[in-house]
Structure formats: C-alpha cells, structure tokens
Amino acid sequence: MAPGEECSVLVHEAPCLAPPHNNISTVLLVIAMQAEALPLVEALKLSQDDTLVFPKSVPWIKYSGIHDGLHIHIVVPGKDAVLGVDNVGTVSGALVSYAAIQALQPDLLINAGTAGGFKIFDKYGVGATKTIPTPKLVEALGLKLGKLSTGNSLDMSPQDEEVIKSNDATIKDMEGAAVAYVANLFSVPAILIKSVTDIIDGGRPTTEEFLENLSMAADALLKTGICVLKFLNGKSIADL
C-alpha cells in the first residue's frame, strides 16, 4: 500500500457448522498485535478481564465488555517473555483461539488484523475450500472479498510466493488460517477481517512499508471493526 492510499479491508468467511438462525450474542475477536487491538479496546470501552480463563503461565490477555447489546471479548497472545515482541504467527494464534473458544463459547469468532497485499493476481485454477457467503455484511459495509494466505514469515520466500500465486491469494497474514482452523474444530463460524499495510510484491522492503503504514492500517481496521460489530447486533449467522 503506497502512502496515502486507502486501506483495503478483506472479509473471509470460514465454513459455518453452527446453527445459522440463532441471534449472535457473544463475539470473540482474536487479534495478534497490541497495536491492532488497543484502539478497538478503547473505542468499545472494554476492560482488561483478569478472571482466570487462561493458564497462569501464558502471557495472553483478555478484554471484555458489552457493546451494542453484544458481549465482546478481545484476546491477544501478549508479548514474548524474552524478546518483548508480540507473539505473532500461526502457533500463538491457534493456541489462544483454542483456549478462548473453550472458555468463552462464542457465537462468532472474528480474526481482525493487518496483512500484506499483492499487486499480482495470476489465476492458476487451483480450487479452494468453499466458505459461507456474507453478502449482506459485505454490501452494507462496502468491504472487499479475497483469498487469504497465512504463513509464519513477514517476508515472502520463493516457496511461499509460488504457493500464494497458485492459489490466487490476494493478501498474506500470519494467523488467519490457523485461527479459522481452530474455529472449525469447534464448529464456531469465523470471519477474517484484514487491513492491508504493504504490497508484498510492490518492490519496497516489506518491513519498511509495514512500519510506515501500520498506524493508518490499524485506524482503518478500528473503523471497520466497529461497523462490523454494529452490523451484527440482533442478527444471526444466516443474516450475514
């Protein structure tokens, strides 16, 4: 994403295995980075919940509250005890999702965060897992749909690039597929909402562009996240 460009936001739906007609009451948001989570925590007036729902030894943090009639929980994997950096990646994302789903029993899981985008859209005709449609949500909020590729590296290796292009993915993150996998294990419908920080194949160093645009992308994620939660009020999965 070049400076000054509008952030793209993607919604990708995981297969819905839960009853689709019950109204959504409890929403769990899994967010990898504190910089991505805290603006939403503040905007939704959530409070850090120290009730012991996770093992004492893990750095995971939970924020909870009620917004627009919905019980909202935001969980983040916290910081690495040795390096002090955010616990990003598929392992942390899967573990915190597993524990949070068991403890909180959400009606809907949302993995929100930033991601890298691609300017190349080669189509190789490779099939992908079908997901439930959310046409009303997408139309109401003017969101963009796309395919998400998940990997544990911020930069892209040649092997990653080959797989991403062959599957016609348009963005790359470090948690989404792992979180969706865990949600499916528990038959919890999941939505992935991503705000693009950098164009991975755009010619600029990924880390440089990511840091330059993180604040702008986080702001776009905040605004869209609030709109999504507002849209969910009083609706069922089938209404999305």
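Leaving aside its neighbours within four places in sequence, with which residues is Leu-232 in contact? The model to be toured is a predicted one, and this question provides the starting point.

**First stop: Leu-232 and the core around it**

Select Leu-232 and display its surroundings. Once neighbours within four places in sequence are set aside, the residues in contact with Leu-232 are Ile-24, Val-27, Leu-70, Leu-108, Ile-110 and Leu-240. Next, add Val-27, Leu-29, Ile-72, Ile-74 and Ile-110 to the selection; together with Leu-232, these touch the most other members of the largest nonpolar core, which has 29 residues. Colouring by element shows where the core comes from: S2, helix H1 (34-43), S4, S5, strand S6 (108-117), S9 and helix H6 (206-232) each give two or more residues to this core. H6 provides the largest share, six residues. Another core, of 16 residues, lies apart from this one, and Ala-100, Leu-109, Ala-183 and Ala-190 are among its members. As a general background, nonpolar side chains in soluble globular proteins tend to be buried together.

**Second stop: the strands S2, S3, S4 and S5**

Select strand S5, residues 70-76. Six of the seven residues of S5 are buried, so that the strand is mostly covered. On one pairing, S5 runs antiparallel to S4, to which seven bridges join it. Within that pairing, Gly-65 stands opposite Ile-72, and Lys-62 has Val-75 as its bridge partner. Keep Val-75 selected and turn to strand S2 (residues 26-30), which runs parallel to S5 with five bridges between them. Here Val-75 is the bridge partner of Val-30.

Now move to the turn between S4 and S5. Two residues lie between the strands of this hairpin, and Asp-68 takes a positive phi near 50 degrees.

Select S4 itself, residues 61-67. It is largely enclosed by the rest of the structure, because five of its seven residues are buried. Strand S3 (residues 47-48) also pairs with S4, in the antiparallel sense and over two bridges. To see this pairing, display Gln-48, which stands opposite Tyr-63 in S4.

**Third stop: helix H2**

Select residues 90-104, which form helix H2. What distance separates the end C-alpha atoms of H2? They are 21 Å apart, and this agrees with expectation because 15 residues at 1.5 Å a residue should span 21 Å. Highlight the buried residues of the helix: Thr-90, Ser-92, Gly-93, Val-96, Ser-97, Ala-99, Ala-100, Ile-101 and Leu-104. One of these, Ala-100, was met above as a member of the 16-residue core. Then step to Gln-105, which follows H2 and has a positive phi near 50 degrees.

**Last stop: Lys-194**

Select Lys-194, which is placed in strand S9 (residues 190-199). Is Lys-194 buried or exposed? Its relative accessibility is 1%, and it therefore counts as buried. Display the side chains of Asn-111 and Asp-173 to complete the view. A polar contact of 2.7 Å joins the side chain of Lys-194 to that of Asn-111, and a polar contact of 2.8 Å joins the side chain of Lys-194 to that of Asp-173.

Notes
Residues are numbered from 1 along each chain as its sequence is written. This is a predicted model: local features need pLDDT of at least 70, side-chain atom pairs count only at pLDDT 80 or more; totals for chains, interfaces and linings use all residues. Side-chain values use heavy atoms; hydrogens and water are left out. Helices (H or I, at least four residues) and strands (E, at least two) are DSSP runs, numbered from the N terminus. Buried means under 20% relative accessible area, exposed over 50%, partly exposed in between (1.4 Å probe, protein chains only). A polar contact is a pair of N or O atoms within 3.5 Å; within protein, one must be able to donate a hydrogen and the other to accept it, and residues adjacent in sequence count only if both atoms are side-chain atoms. The expected span of a helix is 1.5 Å times one less than its number of residues. Two strands pair if DSSP finds at least two bridges between them. A nonpolar core is a set of buried Ala, Val, Leu, Ile, Met, Phe, Trp, Tyr and Cys residues joined through side-chain atoms within 4.5 Å. Contact means heavy atoms within 4.5 Å.
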